[in-house]
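Open the model in your viewer and keep the selection box ready. This tour goes from strands to cores to a helix pair.

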Amino acid sequence: MNFSAVRERSPESTDTEEISQRKKRQKIEIDLTISLCMHCQELDLDAKFEMSFRDYQRVRDGTAALPKGIFKASDGSYYYKDAILVHQFKDRLSKLSDCPLCGFFSIAKGPAGTSQKQENFSKEHKDTVFLAVVPDVDILPLCGYEANWLDHDIPATGAIYRLQMDGLREADPTELLRARELGDEPNFNWVQEWLDLCRNIHGNACRRQAIHEPILRSFRLIDCTKVPPVVEAHNWGIEYAALSYVWGAGPEDGIDWPKTVLDAVEVTRKLGLQYLWVDRLCINQSDPAEKDYLISRMTNIYEGADFTIVAAAGSGASHGLPGVRSTPRIPQPKYYLDSGNLLLSMLRDPRRDILESQYWTRGWTYQEGVLSNRRIVFTESQVYWECRCMTAHESVDMTLFHTYANKEDEENTDTVMADCMLTGIFKGDAYSGGCDSGQDDLVIIQDEAYRLDYGFPVHREANLRAQLRGLNEHIREFSKRKLSHDTDTIPALLGIFGMYKQTEAMCLFHGIPMWIGNIAGDVNGAQITFALSVSSWYHRTDPEHYMYVSTSCRRKSHLPSWTWAGWQGIVTWRAPPNLEHCAYMSDLIQAKRLNLLWAPDISLHHPNRPGSIRLLDTHSADRLTSEAPTLIEIKSPFILDSFQRVEDTNKQWSWVRRVGRPGREEHTSESYGWDAKWYRIRRRLSCVAMSVPTTEHEWTAKHNSGEFVSVLMFAGENLQNEHGTARFLTLRRVVSATDRWERVGTLYLITPFLGKCPNNQVMFKKIPASRQSQRIVIQ
């Protein structure tokens, strides 16, 4: 797949409201009866496409070469310069014009297309040339484009392809990628092809899961073959589809059979299934016991469906599925050249539509999408397919390269999409890392709003580190979602938690991951891993790291303050410079022995019941689950005794990151933004995160006054280097109960050169904390 650029000069200044409007999806009617402007009359796009194809073909044949490497611009950004310039619009696309071709390009300006990892594809396949309208940046050469344009900017609007007259009739199977011309209705033949391909070659990964207990009561389905459709009781085990959608708040959203449900009935029938499961109709909403029972079985219901229909368009159940029955969908921009060839927009990557949809903001839909094996997603303009092994969408006709899922097992013929193909957005148990997620030493230090991975991890075969990372990532993503009721926080995520029950020693206690079993040889895992996990999460909205973070988050009073579930706010499990909770915890669990490892003696209480659970003596999750204590008690805690954060003006080194596209040349970039200033507490590099509005000055002052205390929860060595970590919970006294505290933040210190410490006693000399005789109770 090759890239040609049409450059558009941005105006010197643009109104903020206009910028906002440009980012919204535009529905522009192109009048082909109006004459082209003078510039477009001179633009021979057919010739430009032919020239680009010949040039790239010579590169592929080895008779010509493109500039290699990644280059640095004068402003410090990085770019490649292997595009072919087609035309410079200057500022024409920023002005109103009657020219239909200018109108077509104005729809596509800025961003476009799906990226691919570079791969040595078979010469049996033809190259594809696509066109994109990109900003005309003075500091870049005419054939240059920024390193992230192909992956981030171009997919936001859709690349432009030329379909030749003979190609309008029938697709060429040797082409790697081409645009499809869409109609007013979804092409269910294509959807059926994806479904059949998945059923035939993906093996058990995408099939109905049989590892869960059956649903023994109250299982109902809609019979889609009856007119009108009816809800019937059935035994567990029958084949069915499921619907995932946003209920909505309007009066038309609240009826029993809204448009989205009726459209889903039609889709189910067209794809050859008789039965459909929809929550509003298949759960008795007036029976609390039945609702609780079936909500606890969401893992079974969505993993048990043959496929799930996802309504990612609109804001409620009355919107319908675009293209089905009476709900229109946004038309695909197109322009016929004088030659009869068709310029066709591939449309923006449907992943972007889904990520920006109302559907993606709701809490209950999160687990529905993740748990489903096969998803048929309806966006405003097209249908998107994502199963556990493959992605596809209507507007792109591309070769779906597959490879064996388990290359070491010759008898296993199950396949997944090749590592060169972009993965999906409905993440499974491994979540991040794509085909590399199983690396035992993989550390991902950066949160991203939308992580681009290549290849699919093998479903249900994630190693311990990947599972912990997946759990952390799911919690972060879920924490961005909206719930109508705070009490739904844990129930709406029970299905996700169910994915990790196969690892028996892993326990989720009020949403906090802990390991019930020995770690580092013979150390009690419950005490150590709970202390590590409870002090490793904090609130940070921005994906970038910061050395001091203060976020205004709302408390959910029905859950403890020490769990992320007790707050409304976006959660992260990563901290600068390179700490990833899942990597540290998996290293602890799998280590044979550790000399330096400490956590306080923690007891858990229920506020209304006598007795306590001492984690040091806990080897089973049964009592934690049944009693659900919410109070943490720490006797004789270590308390932070130095509160002055001092800027480090004599930095000896910096953290840097690599830039460039996967599969292409990479280059070491400048320092991260957060690395500009370091702050130390008693010479220890410090990272402070607060869940309540607190300035840096207030943080120090409130510690000095005793309004805040920071209690040490975990200390230990790092298995990957000679340094270690000390983790504190920052607490605030509860006004209504003077003997209790609530967690309002965290403090993380790097303790240097622990390799020289023979034991914990010497390690504590490097930590600015002292033991106190008091008792700390955290609610």
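Two strands count as paired if DSSP finds at least two bridges between them. The model you are looking at is predicted.

**Stop one: strands 16, 17 and 18**

Select residues 374-378, which are strand 16, and then strand 17. The two run antiparallel and are joined by five bridges. Pick Ile376: its bridge partner in strand 17 is Trp385. Strand 16 and strand 17 form a hairpin, with four residues between them.

Now add residues 391-393, which are strand 18. Strand 17 pairs with strand 18 over three bridges, again in the antiparallel sense. Show Tyr384, and find His393 of strand 18 opposite. Strand 17 and strand 18 also make a hairpin, with three residues between them.

Stay on strand 17, residues 383-387. Is strand 17 buried or exposed? Five of its five residues are buried, so strand 17 is largely enclosed by the rest of the structure. Colour its two faces separately. Val383, Trp385 and Cys387 lie on one side, and Tyr384 and Glu386 on the other. Both faces are covered.

**Stop two: the sheet of strands 2, 3 and 6**

Select strand 2 (71-72) and strand 6 (145-146). These are the edge strands, each pairing on one side only. Strand 3 sits between them in an open, antiparallel sheet with the order 2-3-6. Zoom in on residues 78-80, strand 3, which pairs with strand 6 over two bridges. There, Tyr79 has Glu146 of strand 6 as its bridge partner.

**Stop three: the nonpolar cores**

Show Leu276, Trp277, Phe530 and Trp564 as sticks. Within the largest nonpolar core, which has 164 residues, these four touch the most other members. Next select residues 708-717, strand 43. Strand 43 gives the most to this core, with seven residues.

Which residues does Leu276 contact, leaving aside neighbours within four places in sequence? Among them are Leu221, Ile222, Cys224, Val261, Cys282 and Ile309.

A second, separate core has 25 residues. To find this core, select Ala159, Ala179, Leu342 and Leu344, which it includes.

**Stop four: helices 13 and 14**

Select residues 363-371, helix 13, and residues 464-479, helix 14. The helices pack at an angle of about 145°, and their axes are 9 Å apart. Helix 13 makes the contact with Gly363, Tyr366 and Val370. Helix 14 brings His474, Glu477 and Phe478. Colour this contact by class: three residues are nonpolar, two polar and one charged.

Note on methods. Residues numbered from 1 in each chain as written. Predicted model: local features only at pLDDT ≥ 70, side-chain atom pairs only at ≥ 80, totals over all residues. Heavy atoms only, no water. Core = buried A, V, L, I, M, F, W, Y, C linked by side-chain atoms within 4.5 Å. Buried < 20%, exposed > 50% of the residue type's maximum accessible area, 1.4 Å probe, protein only. Contact = heavy atoms within 4.5 Å. Axes fitted to C-alpha atoms, helices over the stretch in contact; angles between N-to-C directions. Nonpolar A, V, L, I, M, F, W, Y, C, P; charged D, E, K, R; others polar.
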